[in-house]
Amino acid sequence: MGVADRKTSPFEGQQPGTSGLRKKVTVFQQPNYLENFVQAIFDSAPELKGALLVVGGDGRFHNEQAVATILRMAAANNVAKVMVGRKGLLSTPAVSCLIRKYQAAGGIVLSASHNPGGPDGDFGIKFNIANGGPAPTSVTEAIFQRTKTISRYRIVDEDAPDISTPGSYRLGNLDIEVVDPVADYAELMERIFDFTAIRALFAGGFRMVFDGMHAITGPYAREILENRLGAPAGTVINGEPLPDFGQGHPDPNLVYAAELVALMRGENPPDLGAASDGDGDRNMILGPGAFVTPSDSLAVLAANATLVPGYRQGIKGIARSMPTSGAADRVAEHLGIPCYETPTGWKFFGNLLDAGKVTMCGEESFGTGSDHVREKDGVWAVLFWLNILAARRQPVAGLLADHWTQYGRNYYSRHDYEGLDTIAASRLMLRLKGELPGLPGKSFGRRKVTLADDFSYLDPIDHSTTTGQGIRVRFDDGSRIVFRLSGTGTEGATLRVYIERYEADPDKLGQDTQEALADLIALADNIAGIRSITGRETPTVIT
Ligand code: G16
C-alpha cells in the first residue's frame, strides 16, 4: 500500500462559519481544496490517530467523491477505523449518535445543511469531536490556521472500496465498517419515545405528512414512521434523497417547504405536518391552521417533556441561542430550572450539555435537540411532537393555544435579506454598531430603548468569551429587535432581523404574527436603515 505525501499550497478563506466550511460545489471541486481542509483536520485533531472516526453526509452532489477521498486520507493518516454510512449517507444527528455510541474520537460530516445542492449548489464539511457535537471555536480556529500554512497532505494510492453494501472492508491498515445509516439512530429513538402510544395514535386514524424534501431524512422517516410506528405508506413524501434535492431548497420553512405548506392549508389537511432539512438536523412543525415557530416549539417540548419516557424525570435546564425568542425562558422559570442564552451555533450548547446543565436546547433557525446526541435533531423533534400529541390527544393548534394561555405568547418573526452585497451589509452593521452608545434611553414612538449592545458570551463551563454575536436592541415593554449577519451562506451576505414582542393579554393571543409585529418591523428599518443601505424593499424570506 503506497502512501503519498502530496505537495499542496493553501487556499484563501477556509475558515469554518457558524457550522463548518460551506462553499459552492465548484470551489470544493478544485484540486486539493477538500484535501487541504481534511489534512488540516487530521493535523489539528491528533486524537484521531489509532482511533475510530465516523464519516457521512447528506447525499448531496459531491458526497460520494468526498467520502472516497476522506477514506483514503484517513488510511494515510493512521486512523484505525472509519465507520461510514452506506453510500456515504448519514444524517447529521445520526453521525452524532454513532460517535457517542461507539466512542469514536470524532466525526466528519459532509453537508451544507439547508443550502441547495447539485453541481451549481453548495457543499460543506464539518468536524465533530468525541462528544458527538460540532467542534468548538478553539478547534475550528486551529483547523483554519493550519489551512493557511499547509504544504502537504497524506493520501493512499489505492482507491477506496465500494461502500454501497454494509460490511467490513479494508484500505491499507484502515478498517472500514459500512453501516446501515438508519439502524442505530432508530434504535435510539425507540429508547426515548413511547412508540406504543404513537402506534396507537396512528392506529386510531391520526394522519400526518412528513416532507423529506428529497434530502437525508426520507429513509429515517420511512423506517421509523411507516415501518416501526405503523403510519400508512405515503406518510413520508419526497422521501428519496437526491443529489440535487430534486432541485429544491431543503430548508424546512414556510417558503421552501411549499408543497407541505400547501397540503396543510388545503382541503382536509392531515393532523400534523413536518419537514426536515438537507442533513436532517432541522425541523418544522405544522398543524391544520397552525405554524409552530421553532422558538415556541422548544417551549412546548420543554413544558411537556415529562410526557416522554426519555425525559420522565424532568429536564435540568434549557439553552437557546440569543436570537431565539424568550418563550422557553418562561417555561424554565415555571419549572424552576435555568435557561441559558448562547450565541447562534449548535456548538455553543455542547459544553452545557456535557456538564449536565441543560437537557434541551433550541434555536429559532428550526433547530431543536437534547442531550441524547450533540446535534440538533429533526426527526427526534417530530417524534417528540408525536409523543406529546399521543399523550394529550389534542390538535396542534389547541396545544399551542393552551400553552400561550398559560405562559403568554412571544410573537416572533425572522426577516432574512439574502444575497446582499457584502460591502453594503457590513456597512449596515458597522453603522448600527456606531449607533449603539446613543440608543439606550432613546424613544421610538411609545417605546424606549433599555438595552443596545453587540452580544458577547462568556461560556460558563470553559470560560471562553465569544464577541460580536449580533446587535440587540431591547425596549421597555420587553420587545426586542436583533440584527446579525448569517454565518452559513455562500453567496453575498444574508442579513437576519429577528423581531419579538411578548403578549400576555388573553384576548390578544390569536393575532397574525406579522400584524402583531408591524410597528416593530417598521422600527427595525428605521433603526438600521435596511431599505436605504441595501436597496431592498422587502425581505427574501419571512419565517
Ligand atoms: C447552523 C447552525 C445553527 C444556526 C444556523 C443558522 O445550522 O448549526 O446553530 O442557527 O446554522 O446560522 P446563521 O444564522 O449563521 O446562518 P445548520 O442547520 O445550517 O447546520
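Select Cys339 and Cys361 to begin: in this predicted model the sulfur of Cys339 has its closest cysteine sulfur in Cys361, 10 Å away, which is too far for a bond. Cys339 itself is partly exposed, at 27% relative accessibility. Add Cys97, whose closest cysteine sulfur also belongs to Cys361, but at 17 Å, again too far for a bond; Cys97 is buried, with a relative accessible area of 6%. Across the whole structure, a search finds zero disulfides.

Next, turn to the aromatic rings, which form 12 pairs in total. Show Phe11 and Tyr33, whose ring centres are 4.9 Å apart and whose planes meet at 65 degrees, so the pair is edge-to-face. Phe11 is in the loop between strand 1 and strand 2, while Tyr33 belongs to helix 2, so this contact ties together parts that are 22 residues apart in sequence. Tyr33 is buried, at 2% relative accessible area.

Now add Phe28 and Phe123, another edge-to-face pair, with 5.1 Å from centre to centre and 75 degrees between the planes. Because Phe28 lies in helix 1 and Phe123 in strand 6, the pair ties together parts 95 residues apart in sequence. Both are buried, Phe28 with a relative accessible area of 2% and Phe123 at 0% relative accessibility. With all four residues displayed, you can follow the ring pairs that link Phe11, Phe28, Tyr33 and Phe123 into a cluster.

For charges over rings, select Arg330, whose charged end sits over the ring of Tyr502, 3.3 Å from its centre, and then Arg409, which lies over the face of Trp404 at 3.8 Å from the ring centre.

Finish at helix 17, residues 518–528, where the buried residues include Leu520, Leu523 and Ile527. Gly529 follows this helix, and its phi is positive, near 60 degrees.

Methods: Residues numbered from 1 in each chain as written. Predicted model: local features only at pLDDT ≥ 70, side-chain atom pairs only at ≥ 80, totals over all residues. Heavy atoms only, no water. Buried < 20%, exposed > 50% of the residue type's maximum accessible area, 1.4 Å probe, protein only. Helix = DSSP H or I, 4+ residues; strand = E, 2+ residues; numbered from the N terminus. Disulfide = S-S within 2.5 Å. Phe/Tyr/Trp six-rings, centres within 6.5 Å; stacked < 30°, edge-to-face > 60°. Lys NZ or Arg CZ within 6 Å of the ring centre and 35° of its normal.
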